[in-house]
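Got your viewer open? Let's take a walk through this one, stop by stop, and see what turns up at each selection.

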Amino acid sequence: MVSAIPDYIHIFKIQIYCQSGQRIKHTEGVGPMEEILRMEHITKRFGDMYANRDISFDVRKGEVHTLLGENGAGKSTLMNVLFGLYQPTEGSIYIHGKKVRIDSPAQAVKQGIGMVHQHFMLVEAMTVLENIILGDRNTKGIFIDKDARRREIQKLADQYGLEVELDKPITEIAVGAQQRVEILKALYRGAELLVLDEPTAGLDPAGRENLMANIRDYHRNKGKTIILVSHSMDEIARNVDRILVLKNAHVLMQGTPAEVFARGEELLSAGLDVPQITRIAMELKRRGVDIDPAVYTVEALERQLLALRKGGAGC
């Protein structure tokens, strides 16, 4: 079957165009990092219905950790427990190894947690600047020095590459810009751990790539810790260090992208998806090509295909 490889490389080259964006540099294999968050045996029940059931995972400082699953799997509920919007029925939360009780979003913010919700928490009657400084815990008395706040927020926006128009009403800016405002709100409040709940939902392909570029820059330049809630496999394959997969309120699997996507058939059987590149590799394997079906990046698949050609013409 090796003689068929050039045809597959031609197919594969077409896919490169939709996978060619920059990627966050993965940290897997670089050794242990400091644990910033641990959630142990979290169960959240609404009446007789379990939204989360005995979920345990940890997040390490400086990594991008993804929660993956279908709609209704329990991803957002778990993050709402972390952010203090819900109280767990059972289980414990640890920040930097210390057990904490997070009974409100204000407590979460004090613990250095920021959350950008899938449905934005912005006041439409206010400007971008007013939304960001709303509830500013550093404000003393009834007066706010808006000029000082403006300078501080603009510095943050420039520092993290989050372009916003501070004097624009929220109703006059696009969805992608509103997403950046939410991220700036979290940063302004001193978030050490940033939770992004389906951040690209509602964006067109260009908007999704622009936002992910902002997130990559935020992570790469500042080494911040991110929990990315998503159901987009290709988005995940390009941008994360570890993955927690939820199915029907339970943990289905967790590990590095390589470990998770090595179980591609199990993901598909569970009604989930795999990255486009992994699908190509799985199809090549089914057609008799001696290739690892668990690859999930363009570079890894390219290396394997070119190795099989044994010195033939490259892509």
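Which residue in β9 does histidine 65 stand opposite? Select the two strands and have a look: the partner is arginine 242. Keep in mind as you go that this is a predicted model.

**Stop 1: the sheet**

You've already got your first pair on screen. Strand β3, residues 64–68, runs parallel to β9, with 4 bridges between them. Now add the neighbours. The open sheet has 6 strands in the order β6-β7-β8-β3-β9-β10, with mixed pairing. Colour the two ends: β6 (113–116) and β10 are the edge strands, and each has a single partner, so one side of each has no neighbour in the sheet. Going from one strand to the next, the twist averages 15 degrees.

**Stop 2: the helices on the sheet**

Keep the sheet and bring in α2, residues 75–82. This helix packs on the sheet and touches β3, β6, β7 (193–197), β8 (225–230) and β9. Its direction makes about 145 degrees with that of β8. Next, show α6, residues 175–188, which also packs on the sheet. Here the strands touched are β6 and β7, and the helix direction makes about 170 degrees with that of β6.

**Stop 3: edge strand β6**

Zoom in on β6. A reminder before you turn on side chains: in a regular strand they alternate between the two faces of the sheet. Are the residues on the two faces of β6 buried or exposed? Ile113 and Met115 on one side are buried, and so are Gly114 and Val116 on the other, which leaves both faces covered. Sideways, β6 is joined to β7 by 4 bridges, and the two strands run parallel. To find one of the matching positions, pick methionine 115 and look across to valine 195 in β7, its bridge partner.

**Stop 4: the cores**

Time to go inside. In soluble globular proteins, nonpolar side chains tend to be buried together. The largest nonpolar core here has 46 residues, and Phe261 and Leu267 touch the most other members. Helix α6 from Stop 2 supplies the largest share of this core, 7 residues. Centre on leucine 267 and show its contacts: leaving out residues up to four places away in sequence, they are Met233, Val245, Met253, Val260, Phe261, Leu272, Asp273 and Val274. Then hunt down a second, separate core of 28 residues, which includes Met79, Leu82, Ile102 and Val109.

**Stop 5: two positive phi values**

Back to the loops. Select histidine 96, in the loop between β4 (90–95) and β5 (98–100). Its phi is positive, about 50 degrees, although the residue is not a glycine. Histidine 96 is partly exposed, at 38% relative accessible area. Then jump to asparagine 248, in the loop between β9 (242–247) and β10 (250–255). This is another non-glycine residue with a positive phi, near 55 degrees. Is asparagine 248 buried or exposed? At 56% relative accessibility, asparagine 248 counts as exposed.

**Last stop: zoom out**

Show the whole chain to finish. You're looking at 12 helices and 10 strands, and 49% of the 315 residues count as buried. Switch on the surface: about 15200 Å² is exposed, with carbon and sulfur atoms supplying 49% of that area. If you draw the contacts between residues at least 6 apart in sequence, 65% of them join residues at least 24 apart.

Technical notes
Residues numbered from 1 in each chain as written. Predicted model: local features only at pLDDT ≥ 70, side-chain atom pairs only at ≥ 80, totals over all residues. Heavy atoms only, no water. Buried < 20%, exposed > 50% of the residue type's maximum accessible area, 1.4 Å probe, protein only. Contact = heavy atoms within 4.5 Å. Areas by Shrake-Rupley, 256 points an atom, 1.4 Å probe, with all protein chains shown as cover. Pairing = 2+ DSSP bridges. Axes fitted to C-alpha atoms, helices over the stretch in contact; angles between N-to-C directions. Core = buried A, V, L, I, M, F, W, Y, C linked by side-chain atoms within 4.5 Å.
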